[in-house]
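Please read this short report with the model open beside you. Look up each residue as you meet it.

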Amino acid sequence: MEIIKVTDTDQGERLDIFLAEKLSESRTRIKKLIEAKSILVNNAHTKASYIISSDDEINLTISPPQKLELKGKEIPLDIIYEDTDFIVINKPVGLVVHPGAGTDDNTLVHALLHHCQDLSGIGGVERPGIIHRLDKDTSGIILIAKNDNAHKKLSEQFKKRTIKKTYLALIEGTIKEDEGEINYPIGRNPKNRKKMTTFREIPENLSAKSAVTHYKVLGQKEHKALLEVTPLTGRTHQIRVHLAAIGHPIIGDPLYGNKHGKRQLLHAYKISFFHPSTGQMMEFSAPLPLWAKNYC
């Protein structure tokens, strides 16, 4: 059994949302665990919508990985690298990473189950091998674990922030500085729970966490700029929220931008991490999308 103690910075968040981010799990799986009484708060059963408070103790009793029940589907994969421990994929725009409400069998997970003989089951039935996520409309690199040992070790690197991810973003407007850092805490928008928002400081009685994003200007013209963006923390929608906060939303962002363009122009460009078996530093990059080439 694992115990998580809620801190002052975590209070005010829904239980399912807090744990989904904390454990890198889907909210659907967290809700099922709560309903099964595998997650208790202060040794008592509660609802997924419970608002956590400072000093709450969350008790987790999570069963071993489940046997996979999803069936694979032949969907083309752009494989950048693969070995016995992990696979690096260049995800196209429009491909959902894992099944969920409103999705069918056309997900990355279905494609991976068809391609691989086995995948790590730690992520549960709906998210086998999934260590991190990309939004449906974000293209680029995603790292998948092929066995449970690799899943545990790579997940630990994400928690320790030793995995470095670099993105390309085309933003509205031009920037005077060649590079800069955005350091605003991020929390759930109290007026719209589907959105995140920034704060100039972590407010009392609201769940917000420190967030830091570094950016470098690669090129700009026609009132647009191409940025190389490196999130130093891993908050929900961090890059999108931070860039919008400084007045330069990502072009096409339907949630934080002005919806100019057909989709948000955000691309997971590079990733580096230590190999889960050998300890060797690994670095991979995805090909530049056409919209980025025009600004380099």
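The report goes from the whole chain to its sheets, a helix, its aromatic rings and two loop residues.

## Ground rules

This is a predicted model; local features need pLDDT of at least 70, side-chain atom pairs count only at pLDDT 80 or more, and totals for chains, interfaces and linings use all residues. Residues are numbered from 1 along each chain as its sequence is written, and side-chain values use heavy atoms, with hydrogens and water left out.

## The whole chain

The protein has 6 helices and 15 strands. Helices (H or I, at least four residues) and strands (E, at least two) are DSSP runs, numbered from the N terminus.

How much of the protein is buried? Of its 296 residues, 49% count as buried. Buried means under 20% relative accessible area, exposed over 50%, and partly exposed in between (1.4 Å probe, protein chains only). The accessible surface comes to about 14,900 Å². Carbon and sulfur atoms hold 47% of that surface. These areas come from the Shrake-Rupley method with a 1.4 Å probe; for residues, only the protein chains shown count as cover.

Now take contacts, meaning heavy atoms within 4.5 Å. Among contacts with a separation of 6 or more, 65% join residues 24 or more positions apart.

Confidence comes next. pLDDT is the predictor's confidence in each residue, from 0 to 100. The protein averages 87, and 89% of the residues score at least 70. Confidence is lowest in strand 11 (residues 208–209), at a mean of 80. It is highest in strand 15 (residues 281–285), at 98. Where pLDDT is low, the predicted coordinates should not be read in detail.

## Two open sheets

Strands of a sheet pair through backbone hydrogen bonds, either parallel or antiparallel. Here, two strands pair if DSSP finds at least two bridges between them.

One open sheet has 3 strands in the order 1-3-2, with antiparallel pairing. Its edge strands are strand 1 (2–5) and strand 2 (39–41), each pairing on one side only. The twist averages 20° from one strand to the next. Axes are lines fitted to C-alpha atoms, for helices over the stretch in contact, and angles run from 0 to 180 degrees between N-to-C directions.

Strand 1 is joined to strand 3 (residues 57–60) by 4 bridges. Strand 2 is joined to strand 3 by 3 bridges. Helix 1 (residues 15–23) lies across strand 1, strand 2 and strand 3. It runs at about 65° to strand 3.

Another open sheet has 3 strands in the order 10-9-11, again with antiparallel pairing. Strand 10 (196–198) and strand 11 stand at the edges with a single partner strand each, so one side of each is left without a neighbour in the sheet. Strand 9 (residues 186–188) is joined to strand 10 by 3 bridges.

The table gives some facing residues in these sheets.

| Residue | Opposite residue | Strand of the opposite residue |
|---|---|---|
| E2 | L60 | strand 3 |
| I3 | N59 | strand 3 |
| I39 | L60 | strand 3 |
| G187 | T197 | strand 10 |

## Helix 5

Helix 5 lies across strand 9 and strand 10, at about 45° to strand 10. Why is helix 5 (residues 238–245) described as largely enclosed? 6 of its 8 residues are buried, so the rest of the structure largely encloses it. The buried residues are Q238, I239, R240, V241, H242 and L243. G247 follows helix 5 and has a positive phi, near 85°.

## Aromatic rings

The structure holds 5 aromatic pairs. Rings of Phe, Tyr and Trp (its six-membered ring) pair if their centres lie within 6.5 Å; planes under 30 degrees apart count as stacked, over 60 as edge-to-face and the rest as tilted.

The rings of F86 and F273 have centres 5.2 Å apart and planes at 80°, so this pair is edge-to-face. The pair links distant parts of the chain, 187 residues apart: F86 is in strand 5 (residues 86–91), F273 in strand 14 (residues 266–274). Both residues are buried. Y81, F86, F273 and F284 form one aromatic cluster.

## Two loop residues

Most residues other than glycine have a negative phi, and most peptide bonds are trans.

D55 has a positive phi, near 80°. It lies in the loop between strand 2 and strand 3. Is D55 buried or exposed? At 52% relative accessibility, D55 counts as exposed.

R161 also has a positive phi, near 65°. R161 lies in the loop between helix 4 (148–160) and strand 7 (164–172). At 49% relative accessibility, R161 counts as partly exposed.
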